[in-house]
Amino acid sequence: MDKNYLELIKKLETKKSLSTTEYEAIISYYQNANAKLQKEIRDYVSKKAVDAVKKVYGNAIFIRGLMEISNYCKNDCLYCGIRRSNKEVERYRLKKDDILSACEVGYDLGFRTFVLQGGEDPYYTDDILCDIIKSIKEKYKDVAITLSLGEKSKESFKKLRDAGADRYLLRHETADDNHYSLLHPESMLLSSRMESLNALKELGYQAGCGFMVGSPYQTATTIAKDLKFIEEFKPAMCGIGPFIPHHNTPFKNMPKGDTGLTCYLLSLIRLIIPNILLPATTALATLSGNGRIEGILSGANVIMPNLSPLSNRKNYEIYDNKAYQNDEAAESIELIKEQMKNIGYEIVIDRGDVKKI
Ligand code: SAH
């Protein structure tokens, strides 16, 4: 490996900060390397990333029960399979009782965080959501609730927080204005996404951002901006996974993201924020059979198996062939525990909050 490259990684390890140009250099260096060198680079940084995460969390892996509460969406993101314009989707909404039943199943399986994710669906007013959140919290005193329901006003975020929501995932998608406009309809702006993210932080949520790896028009420069944004925003969580085309979207013919680059970026993010909660995502597992394990071995420490009612799982198809069976299913927790044990990790029954360092 190149001497300048190694110096930059060392600087990242010690300072936990690089300039945007330096981030770009370590991304380009990887992207321009041949397969053999790429593997060497990944092995080198993933070892450092795993050391870093183990210093904070030991060999614990946190699990989250992911409930996809609605695939109705008012937005029209060009990459997403449940975008408004996709008329082929069989739409569904979970009612409060469905959600509480899923929580019951999840709690018995050992889940202590429930993630309520969905399209931006106006059916779920603040009042409806607050009622659901309060009911979950009343029944289960030791669980955390994460929401992932898109952009909202600060007032709405505050109501949900007051009702008991602990965390909020809202991927920034890209920190580059122009790139953002190429991925979204004109009505959606990076500035309003950032406003939401800032509001979430101000309200005391553990806030999560993130982006797709290999989204159309992404470059080493835009990824460098993503890393700089992550460094400065200091999220409690960060979701990254490869872009996977969906057959009924404008990006249907775009190439899918690279799993090796995804793992490399997981390691870099771990080095930037050692205590960050970093999931090995379903998208990574969808593209690579071993994706979840590769993610963990790159520095991820969270997995989010699917806890939606079985009949709905196939309809939350944000990209083609999205995995929801076997080890992506919450019911397979024993299998997941075994997988993690085989690589020296342990699934813990815990809310899995971000640890202050
Ligand atoms: N409506 C919610 C949840 C969106 S789904 C919100 O806006 O936060 C969660 C994430 O899936 C998105 O943020 C996006 O980064 C990712 N995603 C959407 N379409 C995808 C695709 N085709 N390939 C990979 N990831 C995708």
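**Close-up views of a predicted model**

**View 1. Ile-318 and other residues meet the ligand through polar atoms.** In this predicted model, a backbone N or O atom of Ile-318 lies 3.5 Å from a nitrogen atom of the ligand. The protein covers 92% of the 550 Å² of accessible area that the ligand has on its own. Tyr-79 also contributes a polar backbone atom, placed 3.0 Å from a ligand nitrogen atom. Glu-173 uses its side chain instead: a polar atom there lies 2.5 Å from an oxygen atom of the ligand.

**View 2. The ligand is surrounded by 17 residues.** Of these, Tyr-79, Gly-118, Arg-171, Glu-173 and Ile-244 come nearest. Two of these names return from the first view. Tyr-79 makes its polar contact through the backbone, and Glu-173 makes one through the side chain.

**View 3. The largest nonpolar core holds 102 residues.** Ile-26, Phe-114, Ile-136 and Leu-265 touch the most other members. Helix 10, residues 259-272, supplies the largest share of this core, with nine residues. A second core is separate and has 12 residues, among them Phe-62, Leu-169, Met-237 and Met-304.

**View 4. Ile-26 and its contacts.** Residues up to four places away in sequence are not counted here. Ile-26 touches Tyr-5, Leu-8, Ile-9, Leu-12 and Leu-18, and also Tyr-264 and Leu-268.

**View 5. Phe-157 and Tyr-205 form an edge-to-face aromatic pair.** A search of the whole structure finds 12 aromatic pairs. In this one, the ring centres are 6.4 Å apart and the planes stand at 75°. The pair links distant parts of the chain, 48 residues apart. Phe-157 sits in helix 6 (residues 154-163). Tyr-205 sits in the loop between helix 8 (190-202) and strand 6 (206-213). Phe-157 has a relative accessible area of 0%, so it is buried. Tyr-205 counts as buried too, because its relative accessibility is 5%.

**View 6. Three rings form one aromatic cluster.** Its members are Tyr-107, Phe-114 and Tyr-140. Phe-114 is also one of the residues that touch the most other members of the largest nonpolar core.

**View 7. Thr-222 lies in helix 9 (residues 220-233).** Its relative accessibility is 6%, so Thr-222 counts as buried. The Thr-222 side chain reaches the backbone nitrogen of Thr-219 at 3.0 Å. Leaving aside neighbours within four places in sequence, Thr-222 is in contact with Thr-174, Asp-176 and His-179.

Definitions and conventions. Residues numbered from 1 in each chain as written. Predicted model: local features only at pLDDT ≥ 70, side-chain atom pairs only at ≥ 80, totals over all residues. Heavy atoms only, no water. Core = buried A, V, L, I, M, F, W, Y, C linked by side-chain atoms within 4.5 Å. Buried < 20%, exposed > 50% of the residue type's maximum accessible area, 1.4 Å probe, protein only. Helix = DSSP H or I, 4+ residues; strand = E, 2+ residues; numbered from the N terminus. Contact = heavy atoms within 4.5 Å. Near = heavy atom within 4 Å. Polar contact = N/O pair within 3.5 Å; in protein donor to acceptor, adjacent residues only side chain to side chain. Areas by Shrake-Rupley, 256 points an atom, 1.4 Å probe, with all protein chains shown as cover. Phe/Tyr/Trp six-rings, centres within 6.5 Å; stacked < 30°, edge-to-face > 60°.
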